[in-house]
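Please find my notes on the model below, as numbered points. They start at the ligand and then move to the strands and the chain as a whole.

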Amino acid sequence: MEFEQQLEVIKSAKVLMVGAGGIGCELLKTLALSGFQDIHIIDMDTIEVSNLNRQFLFRQSHVGQSKAKVARDAVLRFRPNINITPYHANVKGPEFNIDFFKQFNVVLNGLDNLDARRHVNRLCLAAGVPLVESGTTGFLGQVTVHVKGKTECYECQPKPTPKSYPVCTITSTPSKFVHCIVWAKDLLFAKLFGDKNQGNDLNTRSSDGASSSDNAEDAFERRAGEDSEHYGRRIYDHVFGYNIEMALGNEEAWKNRDRPKPIYSGDVLPEKLSYQNGNVEDCPNGDPSSVSAMASLGLKNPQDIWSLRENTRVFLEAFKLFFGKREKEIGNLIFDKDDQLAVELVTAAANIRAASFGIPLHSLFEAKGIAGNIVHAVATTNAIIAGLIVIEAIKVLRGETNKYRMTYCLEHPARKMLLMPVEPFEPNKSCYVCSETPLSLEVNTRRSKLRDFVDKIVKSKLGMNLPIIMHGSTLLYEVGDDLEEDEVANYTANLEKVLAELPSPVTSGSVLKVEDLQQEFTCNINVKHRENFDKEKEPDGMLLSGWTEIPTPEKENDSSLGKEEIVSTPYQTASLGTENDDLEIIPAGVDIVPGGTKRKLSDISNATTSSSAGVLDVTVNSQKPEVIDDDNDVVVMIDGGNLNANKKKKMLE
Ligand SMILES: Nc1ncnc2c1ncn2[C@@H]1O[C@H](COP(=O)(O)OP(=O)(O)OP(=O)(O)O)[C@@H](O)[C@H]1O
Ligand SMILES: [Zn+2]
């Protein structure tokens with residue numbers, strides 16, 4: 001009877017899946033095999049060769065076709081009588097508005113980025129449709145349930161931002177290979193090939209020709225008529241030789257650490273570059289993206305660890321190839337893990353720097369993984385997560401509110417369990433997304449322009465696409481296709497004005513109303529003037545706060561020559577190194593205060609060994625797990641004490 005009821009609920013449900021990638025393929029298959037009959041799928045991508053190892057609904061012959069459409073066709077072959085409606089489109093598009101969302105009983109996310117997840121969260125809240133959210137990174141995964149008014153929304157807690165390092169560790173005192181990679185990628189590569197107007201902490205001055213450092217020549221400028229190997233060697237000697245000599249001059253810095261050794265190209269590679277396979281002059285296939293220093297030097301295996309001499313050859317050769325074959329792109333390049341030549345140059349540079357600082361060298365394969373924040377996807381994790389999404393979706397459809405679980409998939413068993421289910425939390429009463437709580441913004445109203453506010457706060461922090469900004473009854477900014485020419489001119493002019501000089505001046509005490517009509521989302525921001533900001537800690541020159549009490553990080557050594565890296569945010573995120581912020585795993589030992597209730601996040605890493613898995617949003621005590629669900633769900637729950645019964649906020653029934 002129970003089973004029949006369940007099947008009825010499943011058969012009559014209309015569900016929306018967003019994302020038909022790694023999780024999405026598994027999810028669509030599991031939904032279809034579980035009896036779902038009306039499934040809509042949105043995915044904006046086409047199939048790539050690299051998807052085929054795990055996105056099993058796709059085959060080689062589908063490369064280049066819409067994921068949503070091919071996924072539909074593949075599933076219809078074994079479930080021909082169900083309805084699957086594909087949309088090859090961005091979920092942020094205007095066609096997927098509140099009315100579109102309202103037609104569904106539940107929305108299931110299999111996305112890979114924060115931006116789209118926040119967008120779907122807002123539309124689900126506006127449309128009153130429950131959301132089952134998911135993410136995986138390697139062996140780690142999670143599924144969470146978000147039902148308006150009952151459980152926390154996807155944005156009830158701020159998300160950890162990617163790990164960052166203090167500038168001094170990167171520029172002066174690297175102690176790990178990752179520091180050398182960040183230096184090679186964000187400083188050296190950006191300086192050589194990126195936008196010249198971007199600020200850069202690389203020391204580019206040489207003392208040649210002038211005593212005052214202001215007048216010293218920029219060592220990075222190519223001299224008239226200079227050949228590219230000479231130019232490359234000059235840069236090499238500057239960054240790996242001269243700059244290290246300069247740093248060594250600061251005796252204080254090296255009292256408690258090993259002194260780096262300056263490296264000059266002439267010492268490592270006295271002779272001119274020589275080639276193994278002689279294909280230097282040709283651009284294979286005429287395609288600049290296939291230019292490779294490894295290929296022209298005859299280095300074949302990306303898993304080999306090159307010697308200092310080989311790294312030097314790769315560096316100089318990659319440098320030459322950039323100037324010889326890809327000159328047009330110079331000035332606009334941004335490091336991309338799929339750009340072979342860029343990866344070669346960054347690997348070689350990071351290794352030469354590592355050699356100088358006594359840090360072990362790494363292969364190109366490893367360096368690429370670190371530079372591109374690549375965590376290899378694990379198909380089984382996606383399959384497990386997809387199964388859990390369906391389990392939660394069925395509970396949502398049956399209205400079994402008290403059975404909802406957020407479930408974490410671990411890398412190492414914690415007390416013999418790989419799946420860690422936790423009762424969801426109630427909405428955060430100060431969430432600016434689901435509770436309409438105003439935010440606060442500290443900003444220098446006489447220095448910051450409206451453009452800074454739009455870019456750094458409205459788009460980047462609040463994740464709005466088509467914002468409208470109002471101050472009282474004055475419209476300060478709006479975007480959209482249906483604006484008159486004079487309106488566009490007016491808003492464009494406003495962007496360049498400082499806040500205090502806008503047509504309706506924004507000063508301390510002003511309240512700005514920011515709205516995104518597409519997301520059906522509005523929030524108020526209380527403005528407070530502040531004169532100065534710490535460039536390193538508050539690079540935006542403004543500070544947004546308000547929707548949750550942010551835990552204070554344990555202060556690590558942030559002195560100018562710190563021993564440990566610190567993160568730039570209060571969250572010490574696990575170094576999941578995900579390129580796509582898939583998991584919002586929160587560090588061990590940090591208390592978060594959602595909705596005014598203490599949520600203890602204690603360390604389960606004593607039960608897990610990996611630092612990345614040992615950071616979960618749950619509290620576990622040493623009691624034995626107990627099966628608490630009496631139906632045959634896979635849900636097991638660590639005994640009731642786990643969340644500290646008196647501290648745990650149960651969902652509102
Ligand atoms: N805004 C969006 N609108 C629609 N689909 C989206 C949006 N953002 C991401 N997606 C889809 O979500 C899916 C995520 O799947 P997955 O994490 O497996 O990524 P992938 O791009 O397939 O693989 P990889 O990034 O590892 O190469 C992708 O198919 C992607 O197209
Ligand atoms: Zn919320």
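**Notes on the predicted model**

1. Ligand shell. This is a predicted model. Ligand 1 is surrounded by 20 residues, and the closest of them are G19, G21, G22, D45 and D112. By residue class, the shell around ligand 1 consists of 8 polar, 7 nonpolar and 5 charged residues.

2. Strand β1. This strand covers residues 14–18, and 4 of its 5 residues are buried, so β1 is largely enclosed by the rest of the structure. The cut-off behind that statement is 20 or more other C-beta atoms within 10 Å of the residue's own.

3. Pairing of β1 with β2. Strand β2 spans residues 38–42 and runs parallel to β1, with 5 bridges joining the two. One residue pair to look at is M17, whose bridge partner in β2 is I41. Between the two strands the chain passes through helix α2 (residues 22–33), and the resulting β-α-β crossover is right-handed.

4. Pairing of β1 with β4. Strand β1 is also joined to β4 (residues 106–109), here by 4 bridges and again in a parallel arrangement. Within this pairing, V18 stands opposite N109 of β4. Strand β1 thus has bridges to β2 and to β4.

5. The sheet containing β9 to β14. Six strands form an open sheet with mixed pairing, and their order is β11-β10-β12-β13-β9-β14. The edges are taken by β11 (474–478) and β14 (542–545); each has a single partner strand, so one side of each is left without a neighbour in the sheet. On average, neighbouring strands of this sheet are turned by 25° against each other, with direction ignored.

6. The β9–β14 pair. Which way do β9 and β14 run relative to each other, parallel or antiparallel? Strand β9 (residues 439–443) and β14 are antiparallel, and 4 bridges connect them. In this pair L441 lies opposite L544 of β14. The edge strand β14 has a single partner strand, and in the strand order β9 is the one beside β14.

7. The chain overall. There are 16 helices and 16 strands in the chain. Of its 653 residues, 41% count as buried. How are the contacts spread along the sequence? Taking contacts in the chain between residues at least 6 apart in sequence, 67% join residues at least 24 apart.

Methods
Residues numbered from 1 in each chain as written. Chains lettered and ligands numbered in written order. Predicted model: local features only at pLDDT ≥ 70, side-chain atom pairs only at ≥ 80, totals over all residues. Near = placed C-beta within 6 Å. Nonpolar A, V, L, I, M, F, W, Y, C, P; charged D, E, K, R; others polar. Pairing = 2+ DSSP bridges. Axes fitted to C-alpha atoms, helices over the stretch in contact; angles between N-to-C directions. Buried ≥ 20, exposed ≤ 12 C-beta atoms within 10 Å, placed from the backbone. Right-handed = clockwise from strand over helix to strand, strands pointing away. Contact = placed C-beta atoms within 7 Å.
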